[in-house]
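Here are my notes on the model, as numbered points. Please read them with the coordinates open.

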Amino acid sequence: MDAYISEVQIMSCDEVEEFSTELIQPGHRTICSAMVNLEINSKRKHTKSVKAKLDSCGSVSIAHSNLMNGIKTAKKYNLPAIRLRGIGGKTNLLNKVGVLRIKQTQHNHCDLLCYVFDEAIGQTEEMLLISMSAIIHAKINILHHMGKSNKDECDDLQFWPDGKTFEEVCKDIKVSNEVHRVLKHKGQVHPRDMYLSSDEYEEVDEAQLINLLIGHIETGTTIIEEAYMTEIQLRRIVERTALEAGEQQSDGDERMDKDGENISKF
């Protein structure tokens with residue numbers, strides 16, 4: 001399809017528009033990456049340190065054949081042959097797959113299936129690109145490497161602590177932020193008031209509140225900082241206590257005799 005644009009439109013495109021807020025730049029010269037230690041030829045336990053690109057938009061992982069073990073046809077791994085498509089077009093058919101063994105610790109490692117890709121890309125002769133799905137399933141700490149790469153730093157490959165999954169980490173971040181928001185709050189607002197105004201607060205009706213307060217008073221297991229009760233609520237507490245006391249004598253509204261001892265009615 002042909003597109004036509006007038007000279008007036010072209011001139012207007014050259015004019016710099018002013019914005020009231022700071023503009024976020026379109027990108028950075030580096031992409032997210034990390035240094036990985038690979039175990040090649042498991043019998044000889046030869047290791048090699050290479051730079052891996054962590055592609056959160058990549059649909060498959062690809063690697064040079066020199067970096068992998070157990071290279072076979074894709075069919076042997078129950079995978080289809082594929083072509084990579086991108087801005088520059090599409091690649092030749094990729095029909096071989098190998099195992100990329102990444103050393104985590106001295107005794108632990110993780111194995112990723114990668115399509116064999118032996119073509120040089122720019123100055124990178126041995127390409128290693130880890131896909132979005134592999135990043136999540138290998139429990140790679142992508143947030144750490146995003147921060148480092150944005151500062152032109154390439155750190156050793158990091159994994160989520162305690163073997164947590166990506167979903168668990170996301171939940172932890174949400175809970176942690178809520179806790180820190182309350183504990184680190186500075187000002188005149190009490191943390192209790194912040195909780196009452198949050199989504200976690202659940203309001204109970206009058207009957208539930210009365211039963212809850214009666215339970216606290218009877219068991220004595222909970223310390224109540226402040227409790228406000230209406231006349232009706234107080235009356236119900238007094239009536240319930242009176243029924244349980246039976247025929248016990250009382251010297252007023254506050255004390256009664258039980259089992260030969262004078263004790264508080266409440």
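1. Contact here means heavy atoms within 4.5 Å. On that basis, residues 24 or more positions apart account for 51% of the contacts in the protein chain with a separation of 6 or more. Keep in mind that this is a predicted model.

2. Overall make-up. The protein chain has 266 residues, and buried residues make up 23% of them. Seven helices and 11 strands are assigned.

3. Confidence. The mean pLDDT of the protein chain is 76. Of its residues, 59% reach 70 or more. Two stretches need a flag. Over residues 1-10, pLDDT stays under 50, and the model has one contact for them beyond four places in sequence. Over residues 223-227, pLDDT again stays under 50. There the model has four contacts beyond four places in sequence. Where pLDDT is low, the predicted coordinates should not be read in detail.

4. Main core. Which residues touch the most other members of the largest nonpolar core? They are L38, L54, L100, I102, L128 and I130, out of 28 residues in that core. The elements giving two or more residues to this core are β1 (33-40), β2 (46-54), β7 (96-103), β8 (109-116), β9 (128-130) and α2 (132-137). Apart from it lies another core, of 10 residues. Among its members are I82, L84, Y115 and M127.

5. I102 as an example. Set aside residues up to four places away in sequence. I102 then touches V36, N37 and L38, along with H109, C110 and L112. Its list is completed by I130, L157 and F159.

6. Pairing of β1, β2 and β9. β1 and β2 run antiparallel and are joined by eight bridges. One pair to look at is I40, which stands opposite H46 in β2. β2 also pairs with β9, in the parallel sense, over two bridges. Here K53 has L129 in β9 as its bridge partner.

7. Pairing of β4, β7 and β8. Strand β4 (residues 69-73) runs antiparallel to β7, with three bridges between them. T73 stands opposite K96 in β7. β7 and β8 pair in the antiparallel sense over seven bridges. They form a hairpin, with five residues between them. R101 has D111 in β8 as its bridge partner.

8. Helix α3. Which residues of α3 are buried? I142, H145 and S149 are. Seen down the axis of α3, these buried residues fall within an arc of 65 degrees, so they line one face of the helix. What covers them includes β1, β2 and α2.

9. S149. This residue is in helix α3 (residues 142-149). Is S149 buried or exposed? Its relative accessible area is 5%, and buried means under 20%, so S149 counts as buried. Its side chain reaches the backbone nitrogen of S33 at 3.0 Å. Leaving aside neighbours within four places in sequence, S149 is in contact with H28, T30, I31, C32 and S33.

10. Positive phi at N78. N78 is not a glycine, yet has a positive phi of about 60 degrees. It lies in the loop between β4 and β5 (85-86). Exposed means over 50% relative accessible area. N78 has 71% relative accessibility, so it counts as exposed. Please check the backbone here.

11. Positive phi at D162. D162 also has a positive phi of about 60 degrees, although it is not a glycine. Its place is in the loop between α3 and α4 (166-183). At 74% relative accessibility, D162 counts as exposed.

12. K76. This residue is found in the loop between β4 and β5. With 66% relative accessibility, K76 counts as exposed. How many residues apart along the chain are K76 and V97? The answer is 21, while their C-alpha atoms are separated by 8.6 Å.

Methods. Residues numbered from 1 in each chain as written. Predicted model: local features only at pLDDT ≥ 70, side-chain atom pairs only at ≥ 80, totals over all residues. Heavy atoms only, no water. Core = buried A, V, L, I, M, F, W, Y, C linked by side-chain atoms within 4.5 Å. Buried < 20%, exposed > 50% of the residue type's maximum accessible area, 1.4 Å probe, protein only. Helix = DSSP H or I, 4+ residues; strand = E, 2+ residues; numbered from the N terminus. pLDDT = per-residue confidence, 0-100. Polar contact = N/O pair within 3.5 Å; in protein donor to acceptor, adjacent residues only side chain to side chain. Pairing = 2+ DSSP bridges. Arc of directions from axis to C-beta.
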